Amino acid sequence: MSNKLKYVKILTLLFTGIFAAISGYDFHIHRHFKEPVVPSTALTEVRHLSDYEPSLKGTVNDSNIYIFDSGVPGGTALLLGGTHPEEPAANLTALLVAENLKIERGRLFVIIRANRSASTCTRMGEAYPAFYRIKTPWGTKVFRMGDRSSNPLDSWPDPEVYIHYPTRQMLAYMDFRNLNRCWPGRNNSAITERTTWAMMELIREEHIDIVVDLHEAELEYPVINTIVTHEKGEAVAAMTSMTLTAELFDVPLSMEFSPKALRGLSHREIGDHSDAMSLLVESAEPMLDRIRGITDEYLLMTGKDEFVMKAGEHRLLYSPIDERGWPIDVRVGRHSSTFQTMLQFFSSMYPDNQIIISGIPGYKEIIANSLGTYLHNPQEAKEDNVYYD
Ligand SMILES: [Zn+2]
């Protein structure tokens, strides 16, 4: 080997090592970044998913379960954020609820990061921002941007074909790590199915009446700005959709039924495998569109993108978009009002199982005052009232 070639090889190795070290450091910071949560004074207890499925103890998915018990008999609701951590309006709405809730009747369980593992990486090859920031009156609050599926570091390898349990429906291999294809789960599989299993055990043991799973979708996808409901949730979904479309939202909130032929989704399996009704809500997130421009924090938070708008001009989208974009305040505002309206109709339809909550800003308040106004400063909170997701 010539000397020159030897030096080229050594230099190549050196540069590769340097770049691997830099990116490895970034990945490490992102994976271990902790998001503080300052629950409202209505908090009665924080449990973990491992309380319902012990094998999750000590794993990345031993997520916090924030429990708000009014002490007054009534119904019980479960709010899920972070099923898909690349959809920030979902975990941000769950956080907003956990930090501001007052509860007068019944109980509310909140999981902000339903699939923590998926929040410790971003989608490979998509150049997602690693973090996003929300401005608050006391400074900037930072959040991990995540992926749709669990981190391969926590679940590897993927099968050739993912065979859904228990129906044996064949699904795409990567859906083995997709929390919303792994319901109802099982306790002897990889981490994603064990996570849904833990939540199913929670739903059954705590006699949850209504589960609401929050999401966001690309505008090119037909299931957007909508509620997808199990048959059991039909009346609640229909009343919520009609009321918010007529009285509050600028863009209609539609409603559709959970298809029986597509398995593994929360709106189907939770309703089929427990006494609870299950509903899923989608808002619009232009950053998820394939046709988007630069994939950065600005697009994630403002939902403004000229390429997505152009697609809209050509009638290629299922949701309207203009130069105002889809700001995070609008998306969280819609989710917040949708969840609260669902509980109102649920409580009026099932008077023995009422869940009466207040204190949570809705669509108009969040757009007028911004989401950050309602997030609490962990530095000023009592030390024993700060939790980390
Ligand atoms: Zn989703």
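**Close-up views of a predicted model**

A polar contact of 3.3 Å links the side chain of T76 to that of R107. The views described below are taken from a predicted model.

**Figure 1. T76 in strand β4 and its surroundings.** T76 belongs to strand β4, which covers residues 76-80. The side chain of T76 makes its 3.3 Å polar contact with the side chain of R107. With neighbours within four places in sequence set aside, T76 is in contact with R107 and F109, with the run E206, H207, I208, D209 and I210, and with I355. The relative accessible area of T76 is 4%, under the 20% limit, and T76 is therefore classed as buried.

**Figure 2. I103 in strand β5 and its contacts.** Strand β5, residues 102-105, contains I103. Because its relative accessible area of 14% is under 20%, I103 counts as buried. Residues up to four places away in sequence being left out, I103 touches A42, F68, D69, S70 and L108, together with I355, I356 and I357. I355 is thus listed among the contacts of I103, and I355 is also listed among those of T76. As a reference distance, the C-alpha atoms of I103 and M309 are separated by 41 Å, and these two residues are 206 residues apart along the chain.

**Figure 3. Helix α5 and the elements packed around it.** Helix α5 runs over residues 266-273, and six of its eight residues are buried, so the helix is largely enclosed by the rest of the structure. The buried residues of α5 are S266, H267, R268, E269, I270 and G271. Four elements pack against these buried residues: helix α3 (191-205) and strands β11 (210-217), β12 (226-229) and β14 (277-284).

**Figure 4. Two cis peptide bonds preceding proline.** Most peptide bonds are trans. The bond that joins W156 and P157 is cis, with omega at about 0°. P157 is located in the loop between β8 (139-144) and β9 (162-163). A cis peptide bond also leads from Y165 to P166, where omega is near 0°. P166 is placed in the loop between β9 and β10 (170-171). Strand β9 accordingly borders the loop of P157 and also the loop of P166.

**Figure 5. Positive phi angles at N225 and R315.** Most residues other than glycine have a negative phi. N225 is not a glycine, yet its phi is positive, at about 50°. The loop between β11 and β12 holds N225. What is the relative accessible area of N225, and is this residue buried or exposed? The value is 4%, and N225 is buried. R315, likewise not a glycine, has a positive phi of about 60°. R315 sits in the loop between α7 (306-313) and α8 (328-349). The relative accessibility of R315 is 76%, which is over 50%, so R315 counts as exposed. The two positive-phi sites therefore fall into opposite classes of accessibility, N225 being buried and R315 exposed.

**Figure 6. M349 in helix α8.** M349 lies in helix α8, whose range is 328-349. The relative accessible area of M349 is 31%, which falls between the 20% and 50% limits, so M349 is partly exposed. Not counting residues up to four places away in sequence, M349 touches A235, V236 and M239. For M349 and A235, the C-alpha to C-alpha distance is 8.6 Å, while the two residues are 114 residues apart in sequence.

**Figure 7. The whole protein, as context for the close-up views.** The protein contains nine helices and 16 strands. Its radius of gyration is 21 Å, which agrees with the value near 21 Å that a compact globule of 389 residues would have. Along the principal axes, the C-alpha atoms fill a box of roughly 85 × 50 × 50 Å. Of the 389 residues, 56% are buried. Among contacts with a separation of 6 or more, 73% are between residues 24 or more positions apart. The protein exposes about 17200 Å², and 56% of this area is supplied by carbon and sulfur atoms. The protein has 38 positive and 51 negative charges, and the mean positions of the two sets are 5 Å apart.

Conventions. Residues numbered from 1 in each chain as written. Predicted model: local features only at pLDDT ≥ 70, side-chain atom pairs only at ≥ 80, totals over all residues. Heavy atoms only, no water. Rg over C-alpha atoms; globule rule 2.2 N^0.38 Å. Buried < 20%, exposed > 50% of the residue type's maximum accessible area, 1.4 Å probe, protein only. Contact = heavy atoms within 4.5 Å. Areas by Shrake-Rupley, 256 points an atom, 1.4 Å probe, with all protein chains shown as cover. Lys, Arg positive; Asp, Glu negative; His and termini not counted. Charge placed at Lys NZ, Arg CZ, Asp CG, Glu CD. Polar contact = N/O pair within 3.5 Å; in protein donor to acceptor, adjacent residues only side chain to side chain.
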